[in-house]
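I opened this model to look up two things: the surroundings of the ligand and the packing of one helix. My entries follow in that order.

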Amino acid sequence: MKKKIDFLLVGQGLAGSMLYWWLTQNGKNVLVVDRYHPFSSSRVAPGIIHPITGRRIVKTWMADTLIPFAEQTYRDIEKHFNETLFHKMNILELVHSVKEQNDWMMKSSSPEMKNYFSDENTNTLYNDVLQGEPKKISISQSGWLNIPGLIGFLRKEMESTESIWNEDFEHDSLAFHDDEVVYKNITASRIIFCEGYQAIHNPLWKHLPFLPAKGEVLTIRSEELSLDHILIKSMFILPCGNHLFKIGATYSWDELNETPTEKAKEHLLNLLHDVVDVSYEVVDHQAGVRPTVKNRRPFIGFHHEHKQAGIFNGLGTKGVLLAPYFANHFAEHLLGKTELMKEVNVARIN
Ligand SMILES: Cc1cc2nc3c(=O)[nH]c(=O)nc-3n(C[C@H](O)[C@H](O)[C@H](O)COP(=O)(O)OP(=O)(O)OC[C@H]3O[C@@H](n4cnc5c(N)ncnc54)[C@H](O)[C@@H]3O)c2cc1C
């Protein structure tokens, strides 16, 4: 029997989940096709929000808008499921050289950045476990999202409303008509692809300049470590509760697969030893591939030939920060309420 819906989404990582959230919040009828992948980028990512980017210590793009929007959205989703998913937590950047210290001090006093620095006294924090005597710069408006939790709850809800098909999307079964698409027994006004880095295999989007980056993350258990902050020094140590800590992450552009490697494990453990002196056991090791793109701006919008086909992708290393705002932005555009921002519009590539 034929079924008519508003939107067909392909992929239920963070991108597809957030777009589903905003479209259904607006009363739209949505079906998702997603092949469950235990090591998708969204399931492997520790989900950190960091308002400051890179060695040059600059404010993350659109941070003043994106951070409050993301936090509010995650709080609304928490309320919807009556579960805790977003953990606000300061980051401690561990700084050793005098030059680095000066750079950070200068940035922390600049008017546009100072809201992102906390004035908590860090002098005595964690001195019993830290290697050396680093200066500890405390960053606020940061934290981490339990992404597998969030997409897991949404998936259960989709299953209970028969709004998800757990399968591979079959391109041969898709047909474009004037104002709609037909996929198997489904007719939809639009199809939106949210496939993460797998979009490189999609015949409609092969031309986009994706630059996917594999990343690996360890989970350790340590009874000797107790943190109320995320520690960062060339890597992160993220406390997740129950004496568990995520350690990561590596970057590799050569081998795009979800296979953990001994090389990455050794690298991460060496970095860990540079930061803290504690005993631990490694309890998990995962790898995933980030949907990173060349100019680090998301791909949102429509195919140049098939206007009924859209894309929401390119969230790169900052999906937790970008997904809520830009899923809402795209949903509003799909509902005819707003123009797409030029900077994220995929038409910039075409
Ligand atoms: C190691 C690592 C660390 C990271 N750390 C952070 C971090 O700290 N903070 C942060 O914000 N971001 C981080 N990221 C990035 C973050 O994971 C991504 O930005 C975001 O999760 C991408 O979501 P997505 O939905 O676009 O892609 P994905 O999570 O890859 O989801 C795509 C989904 O589509 C499905 N799919 C694809 N093709 C098909 C098809 N043809 N048919 C059916 N289903 C299909 C896949 O199975 C998957 O479920 C990290 C990523 C990695 C790998």
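The entries below begin with the conventions and then turn to the ligand, the domains and the helix.

I am working with a predicted model, in which local features need pLDDT of at least 70 and side-chain atom pairs count only at pLDDT 80 or more, while totals for chains, interfaces and linings use all residues. Residues are numbered from 1 along each chain as its sequence is written.

Ligand. I found 41 residues around the ligand, the closest being Gly11, Gly13, Gly196, Gly215 and Gly319; a residue counts as near if its C-beta atom, placed from the backbone, lies within 6 Å.

Domains. I took the bounds from an automatic or database domain assignment, which gives domain 1 (3–44 + 148–209 + 294–348) and domain 2 (90–141 + 213–290). Both domains give residues to the shell around the ligand, so the ligand lies between them. Their C-alpha centres lie 32 Å apart.

Helix α6. I looked up α6 (residues 262–275; helices are DSSP runs of H or I with at least four residues, strands are runs of E with at least two, numbered from the N terminus), and its buried residues are Ala264, Leu268, Leu272 and Val275. They cover an arc of only 75 degrees around the axis (taken from the directions from the helix axis to the C-beta atoms), which puts them on the same side of α6. The face turned away from this buried side carries the exposed residues Glu262, Lys263, Glu266, Asn270 and His273; buried means 20 or more other C-beta atoms within 10 Å of the residue's own, exposed 12 or fewer, with C-beta atoms placed from the backbone.
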